[in-house]
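Work through the exercises below with the sequence and the coordinates open beside you. Each one sets a task and then solves it step by step.

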Amino acid sequence: MTDFSNEPTSRSPKQGRFAFARAVLANPLGLVACVMLVAVLCVAAFAPFIAPYAPGDLQIFKMNAPPGDGYLLGGDGAGRDILTRLIYGSRNTLAGAAVAVGVAGLIGVVTGLIAGYFGGNRDVVLSWVSDGLMALPALIVLLAFYQALGASIYLSMIVFGIMLSPSFFRLTRNLVNGVKHELYIDAARVSGLSDLRIIVRHVLRVIRAPLVIQTSIVAGIAIVIQAGLEFLGLGDPATPTWGGMLQNAFANMYTAPMAILWPGLAISVTVASFVLLANAIRDRLQQGDRVTAGTTPKPKPAPSSSHPRGDSPDDDVLLDVRDLVVGYPGKGGWTEVVRGVSLTLRRGEVLGLVGESGSGKTQTAFAILGLLSEGGRVLSGSILFDGQDLAHFSEKEMRPLRGKRIAYVPQEPMSNLDPVFRIGYQLVEPMVAVLGISRTEAKARALELLARVGLPDPKRTFSAYPHEISGGMAQRVLIAGAVSCKPDLLIADEPTTALDVTVQAEVLELMRNLQAEFGMSMILVTHNFGVVADSCERVAVMKDGAVVEMQEVTKLFAEPAHPYTKMLLGSVLNDTTVRSYVAPRNPEVTA
Amino acid sequence: MITYLAKRIASGLVLLAIVTTITFVMLFGATENVAQNILGENATSAQIVALEQRLGLDQPLHVQYGKWLSGAVRGDLGTSWLQSERVSTILLHRLPVTLSMVSLAILVIGIVSAVLGVIAAVRGGWADKVIQVISVVGFSMPNFWLGLILVVIFALTLRWLPATGYVPFSSSPGGWLASLALPVTAIVLSGIASASQQIRGAVMDALRQDYIRTLRARGVGPGSVVIRHALRNALPAALTVLSVQFIALLGGAAIIERVFAIPGLGSLTVQASLSGDIPVLMGVVVAAIIIVLIVNVTIDIIHAWVNPKVRLQ
């Protein structure tokens, strides 16, 4: 999808389409699918020239005849050549599928464009009709209508096309909804283009490729259903069809079981070609956001832990991160999001990790927890926690540390509580797992903790679902959960950013108090120097995935060494709220 | 929640009314030859007129519809034109057969897809490949063709299972299972194809959520994270795809019941369709839509049970 929506006007449509088609054909399965479909199409078109007999020719002594003697695949129950009827059957199959796809596509796309582009009542009504159609068992409706429609399979396919139109409707509507607020559509509207021209020129171009996929899939469904109807005897018995051949073979199954093979194979191979073509196009569309397995780069070997600063190991140091490099697989290799972070944290100390968004703060925190997002990994460097190098820990080795030794308070409280479980359960479950205590004991502890983090009615919160409490309360719950197993290190990732200003100070104070009470070390990830000044003893400043400066807080505010720190402070110190935080506690900063 | 359900049911009833009306007009609008067909070639015109009068076909369409509707809302769907039995009685005989087959199939689809989908989402590897292959094969092979092949292999050649027929669960659970083994195998493949893919996607989505990271950070083990938290959050998507499968199988039953000579709703539909037994067809349409409605409302209720947030809406 990205190819079309990102740069809809940057290249001429023709060029784009051909390049795209070439890319689809470069996929071996896509190529096979196209070759097969072209072959079936040719067979259908040139049936009279290819087939050895006419479709109605029959030789009575060749009823259910085995292959050979002029009948390459044998004879059917009436003594007709199976191969000939297979060849002629392709005509009817493709034509029927074309009718169904044509009707479904036309109705679905037009109504989808109307519903998506104009919205409002039209959308409501059309969506209702579409949902209603989808709720009907198609085959039952087709069978019921058979009496009225008669033996023509094409009429049935028109009705089936109508019943399939919701799939096109939903696709088109959702795609149009997705693009209609894009800037280039607004621009087109402002420049006075009519709705119709905008739809045709811009919207249709974006939804073209997904529609081709849908067409392929619907064609496959139509072929299968059509064959089913013919198998039941609902078609015109005079026309050779794959489904009708299956019916004939079914009737003679005890005498000539092999005859059921060929028509079924013809159907399956044709439908599979449509599916594989759809898959090839989809793969091509998704290629932009995915790295193929073969090109996943290997991580660099970790360098020997020679340390530029050459500190001696210190018993008082709880966490010592050295030259940490974290990467995610990207298009041409690893994209490094953390490039050589080093920092130390003493027991009982609070370290601020500051930097603007995208500087790698959160990724550093996740690396310490061993919880990088999918695909991410520590490429080099070490994470010494209490003497053990977590950088080389497996998931299994990490697990006993989490919760018990290292805990985590997330940034966004609401998305960090499982919406389908009560809060109490989410507190009790980890305690039972980590501390091995009983449920009753864990519950008592959870209630105590909820009271400790300042929730007015712990019992009610305990039995509430996450959507029933406020963001500030949720963050207190998450803090309670983080400290519930008395960790040595608490990593808080911007714990106040998502909260109301009034709540921020209270939550920070709570964290600071808990840190002192439990004697934890804490890494406080933030972009706010006010928070740093208020809560931290030392601070590490990050920029572009590396720590540019690590200092005592007072020293950093007084004489920032790195130009980037100076710039950050300069931009912050103009902010009066920060100064009011800083001034009373750290008089030397303003001096 | 109650108002939401009420709305859903009302909307379903409107759908039922619209579809039955359209079907009625389509079917009863073209009944010129019905009496002739029922009586055969040699019927006299007097006989035909008499039959048309008896069936009410000589009355205007709206009068016929009024009669049908007033009966239908009281549960009286009329009498079959070809068997002298009430439509509702016929339906009550046929429905349990089809429903037991489809329910068994949905159960198999649900279990197999959940296992495959979860393994593929968590590990990838072979489960991913199996899902990819099934998604193409299951989609491309017409299920009745697969059914025919199964019959040839397991019933005609190996003689392990009966080729045709149906044994009610109440008379012999083992026989019931044996009679449904082949048809259910034939119809689950395409269901597994789409359901396992959907479940894989939904579990992968759930595993990417923030709360999963937070739970892991608290020391919750992978088994609980995947099964208790990710799968439960993926359940609504899985239920939706299963309900769609249910509807598809209810229709698809028509063909598969023919292959295996199962006396269910599907074979009744085919029979009535080929012979022009219009009251039975109307009854089948009504029954099918009501079943779909019940399934959808049940799914809504399960959604609400699984996801507490839905209960508020």
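## Exercise 1: The contact between the chains

Task: Establish how many residues each chain brings to the contact, and how much area is buried between chain A and chain B.

Solution: Begin with the residue count, in which chain A supplies 73 residues and chain B supplies 69 residues to the contact. The model is a predicted one, and the values that follow are computed from it. Turning from residues to area, chain A and chain B bury about 6100 Å² between them, and 71% of this area lies on carbon and sulfur atoms. On the side of chain A, the residues that lose the most area to chain B are Trp128(A), Ile140(A) and Gln147(A), which together account for 10% of what that side buries.

## Exercise 2: The build of chain B

Task: Describe chain B by its secondary structure, its dimensions and its contacts.

Solution: Counting elements first, one finds 13 helices and zero strands in chain B. The C-alpha trace of chain B extends over about 85 × 55 × 35 Å along its principal axes. Of the 313 residues in chain B, 53% are buried. Finally, when the contacts in chain B with a separation of 6 or more are considered, 71% of them join residues that are 24 or more positions apart.

## Exercise 3: Annotated spans of chain A

Task: Compare the record's annotations for chain A with the geometry of the annotated spans.

Solution: The unreviewed UniProt entry marks residues 29-54, 94-118, 138-164, 211-234 and 254-277 of chain A as "transmembrane region". Taking residues 29-54 of chain A, the end C-alpha atoms lie 34 Å apart, with 81% of the span in helix and 0% in strand. For residues 254-277 of chain A, the corresponding distance is 37 Å, and the span is 71% helix and 0% strand. The unreviewed entry also carries the annotation "domain: ABC transporter", which covers residues 319-569 of chain A. In that span the end C-alpha atoms lie 27 Å apart, while helix makes up 38% and strand 28%.

## Exercise 4: Nonpolar cores

Task: Which residues touch the most other members of the largest nonpolar core, and which helix gives the largest share of this core?

Solution: The largest nonpolar core holds 163 residues, and Phe160(A) and Phe231(A) are the ones that touch the most other members. Helix α10 (residues 195-231) of chain A gives the largest share of this core, with 18 residues. Apart from this core lies another, of 54 residues, whose members include Val453(A), Leu524(A), Cys536(A) and Leu569(A). Returning to Phe160(A), and leaving out residues up to four places away in sequence, its contacts are Ala100(A), Ala138(A), Leu142(A), Ile221(A), Ala222(A) and Ile225(A).

## Exercise 5: Strand pairing in chain A

Task: Trace the partners of β1(A) and of β9(A), and decide whether β9(A) is enclosed or open.

Solution: Start at strand β1 (residues 317-330) of chain A, which is mostly covered, with 11 of its 14 residues buried. β1(A) pairs with strand β2 (residues 333-346) of chain A in the antiparallel sense over 11 bridges, and a hairpin connects the two through two residues. Within this pair, Leu324(A) has Val341(A) in β2(A) as its bridge partner. β1(A) also pairs with strand β4 (residues 377-385) of chain A, in the antiparallel sense over seven bridges, where Leu319(A) is matched by Phe385(A) in β4(A) as bridge partner.

Now move to strand β9 (residues 538-543) of chain A, of whose six residues five are buried, so the strand is largely enclosed by the rest of the structure. Strand β3 (residues 350-354) of chain A pairs with β9(A) in the parallel sense over four bridges, and Val354(A) stands opposite Val541(A) in β9(A). β9(A) pairs with strand β10 (residues 546-552) of chain A in the antiparallel sense over six bridges, with Val539(A) opposite Gln551(A) in β10(A). These two strands, β9(A) and β10(A), form a hairpin with two residues between them, and Asp544(A) in the turn has a positive phi of about 50°.

## Exercise 6: Cysteines

Task: Explain why Cys34(A) forms no bond with the closest cysteine sulfur.

Solution: The closest cysteine sulfur belongs to Cys42(A) and is 13 Å from that of Cys34(A), which is too far for a bond; a disulfide would require sulfur atoms within 2.5 Å. Over all chains the count of disulfides comes to zero. As for exposure, Cys34(A) counts as partly exposed because its relative accessibility is 23%, whereas Cys536(A), at 9% relative accessibility, counts as buried.

Notes: Residues are numbered from 1 along each chain as its sequence is written. Chains are lettered from A and ligands numbered from 1 in the order in which they are written. This is a predicted model: local features need pLDDT of at least 70, side-chain atom pairs count only at pLDDT 80 or more; totals for chains, interfaces and linings use all residues. Side-chain values use heavy atoms; hydrogens and water are left out. UniProt positions are given in the numbering used here, feature names are shortened, and annotations may be inferred rather than shown by experiment. A nonpolar core is a set of buried Ala, Val, Leu, Ile, Met, Phe, Trp, Tyr and Cys residues joined through side-chain atoms within 4.5 Å. Buried means under 20% relative accessible area, exposed over 50%, partly exposed in between (1.4 Å probe, protein chains only). Contact means heavy atoms within 4.5 Å. Two strands pair if DSSP finds at least two bridges between them. Buried area is the accessible area (1.4 Å probe) that two parts lose on being put together, summed over both.
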